[in-house]
2 protein chains.
Amino acid sequence: MSNQLIVKMVLDAWYSKIKDADKVLDMLSDEQLMHEISPGRNRGIYLLGHLTAVHDRLVPLLDLGERLYPDLDEPFLTQPDKTVANLPSASILRQEWKNTNEILAHHFNSMEPDDFFRKHNAVSVEAFEKEPHRNRLNVIISRTNHLASHVGQLILI
Amino acid sequence: MSNQLIVKMVLDAWYSKIKDADKVLDMLSDEQLMHEISPGRNRGIYLLGHLTAVHDRLVPLLDLGERLYPDLDEPFLTQPDKTVANLPSASILRQEWKNTNEILAHHFNSMEPDDFFRKHNAVSVEAFEKEPHRNRLNVIISRTNHLASHVGQLILI
């Protein structure tokens with residue numbers, strides 16, 4: 001099986017979930033994003049910031065350059081929801097979510113199929129020699145599942 | 001990149017999500033499975049039956065033989081939750097869920113890497129010639145995301 005075809009399979013799944021997420025986010029008003037997905041659980045705005053932070057972190061993790069929004073980590077990754085007083089507004093987060101995914105798409109489009117099978121930045125050269133499945137494409141598979149999981153929660157709002 | 005490595009990447013993600021699902025299901029009592037994931041939404045038992053039906057359907061879809069539990073389709077796929085009077089008990093569904101995933105694992109273990117890149121049963125020979133990404137491995141990628149989405153909901157109970 002060609003690497004090109006495999007990359008297509010994984011990226012198709014990635015873009016399909018991004019599309020699902022965008023569809024749900026477009027349906028939710030900024031006001032609705034302040035609702036919890038279930039009583040006592042995370043709010044929509046937290047999941048939006050969380051997904052944006054995780055996707056933004058993919059840029060350095062996949063060795064594609066500098067990330068744009070490191071300030072999202074503290075309120076949306078390090079701290080749980082409803083513990084940080086001043087969150088960015090929903091409209092700013094929506095824009096950052098969009099930008100982040102567009103930047104990733106731009107990188108993915110300009111990469112050769114083989115580039116996806118190179119190591120990512122959270123694995124050492126030595127470990128990668130023994131475990132070549134710890135490549136960039138594997139990170140995308142994992143983040144697609146992460147996205148699917150949170151989209152399944154966002155639709156509950 | 002070898003087909004073997006790619007199959008490993010996709011199956012690792014699959015088994016990892018099955019493990020996540022099992023962990024959540026083990027934490028939930030039969031009584032808790034009767035709770036909704038969010039007010040007015042699906043109950044845990046519906047998601048358990050739904051996931052079992054979808055995974056059971058993988059057996060014929062991937063051309064691995066006959067499925068075991070076609071009776072799950074009506075209450076857990078065709079009909080929405082809370083419209084079917086007599087559902088199987090949680091303990092029966094838990095057993096069927098376990099069986100189904102064990103049968104799939106047994107098949108996956110006995111398949112050669114190249115087998116995963118053969119066509120599945122929902123695509124014609126003609127269409128598959130033009131669209132070789134519509135192979136069995138692609139279905140597993142898609143079902144892993146499906147599972148991730150519902151595990152993200154089950155943990156809300």
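These questions and answers cover helices, salt bridges and the chain interface in a predicted model.

Q: How far apart are the end C-alpha atoms of helix α6 (residues 136-154) of chain A?
A: Helix α6 of chain A has 19 residues. At 1.5 Å a residue, the helix should span 27 Å. The model agrees with that expectation, as the end C-alpha atoms are apart by 27 Å.

Q: Is α6(A) largely enclosed by the rest of the structure or not, and how many of its residues are buried?
A: Buried here means under 20% relative accessible area. The helix has 19 residues, and it is largely enclosed by the rest of the structure because so many of them are buried. The buried count is 16.

Q: Which residue has a side-chain oxygen that reaches the backbone nitrogen of L137(A)?
A: Look at the start of α6(A). There a side-chain oxygen comes within 3.2 Å of the backbone nitrogen of L137(A). That oxygen belongs to N135(A).

Q: Which residue forms a salt bridge with R67(A), and are both partners buried or exposed?
A: Side chains of opposite charge can pair when their charged atoms come close. For R67(A), the closest N and O atoms of the pair are 2.8 Å apart. Both residues are buried. The partner is D73(A).

Q: Where do D20(B) and K17(B) lie?
A: The two residues form a salt bridge, with the closest N and O atoms 2.9 Å apart. They are three residues apart in sequence, about one turn of the helix. Both lie in helix α1 (residues 3-27) of chain B.

Q: Which class, buried or partly exposed, fits D20(B), and which fits K17(B)?
A: The cut-off for buried is under 20% relative accessible area. D20(B) has 25%, so D20(B) counts as partly exposed. K17(B) has a relative accessible area of 16%, so K17(B) is buried.

Q: Which residue meets R134(B) in a salt bridge?
A: The N to O distance in this pair is 2.9 Å. R134(B) is partly exposed, at 29% relative accessibility. Its partner is also partly exposed, with a relative accessible area of 32%. That partner is E131(B).

Q: Which residues do salt bridges that share partners join into one network?
A: The rule finds 20 salt bridges over all chains. Some share partners, and one network joins D56(A), R57(A), R67(A) and D73(A).

Q: What is the area buried between chain B and chain A?
A: The interface brings 30 residues of chain B into contact with 30 residues of chain A. Carbon and sulfur atoms give 65% of the buried area. M9(B), N145(B) and L156(B) supply 25% of the area that chain B buries, more than any other three residues. The area between the chains is about 2,500 Å².

Q: How many residue pairs are in polar contact across the interface of chain B and chain A?
A: Salt bridges between the two chains number zero. On the side of chain B that touches chain A, α1 and α6 (136-154) are the elements that give two or more residues. By class, that side has 16 nonpolar, ten polar and four charged residues. The pairs in polar contact number nine.

Q: Which residues is M34(B) in contact with, leaving aside its neighbours within four places in sequence?
A: M34(B) sits in the loop between α1 and α2 (44-61) of chain B. At 39% relative accessibility, M34(B) is partly exposed. Its contacts, with those neighbours left aside, are R43(B) and I45(B).

Terms used: Residues are numbered from 1 along each chain as its sequence is written. Chains are lettered from A and ligands numbered from 1 in the order in which they are written. This is a predicted model: local features need pLDDT of at least 70, side-chain atom pairs count only at pLDDT 80 or more; totals for chains, interfaces and linings use all residues. Side-chain values use heavy atoms; hydrogens and water are left out. Helices (H or I, at least four residues) and strands (E, at least two) are DSSP runs, numbered from the N terminus. The expected span of a helix is 1.5 Å times one less than its number of residues. Buried means under 20% relative accessible area, exposed over 50%, partly exposed in between (1.4 Å probe, protein chains only). A polar contact is a pair of N or O atoms within 3.5 Å; within protein, one must be able to donate a hydrogen and the other to accept it, and residues adjacent in sequence count only if both atoms are side-chain atoms. A salt bridge is a side-chain nitrogen of Lys or Arg within 4 Å of a carboxyl oxygen of Asp or Glu. Contact means heavy atoms within 4.5 Å. Buried area is the accessible area (1.4 Å probe) that two parts lose on being put together, summed over both. Ala, Val, Leu, Ile, Met, Phe, Trp, Tyr, Cys and Pro count as nonpolar, Asp, Glu, Lys and Arg as charged, and the others, Gly among them, as polar.
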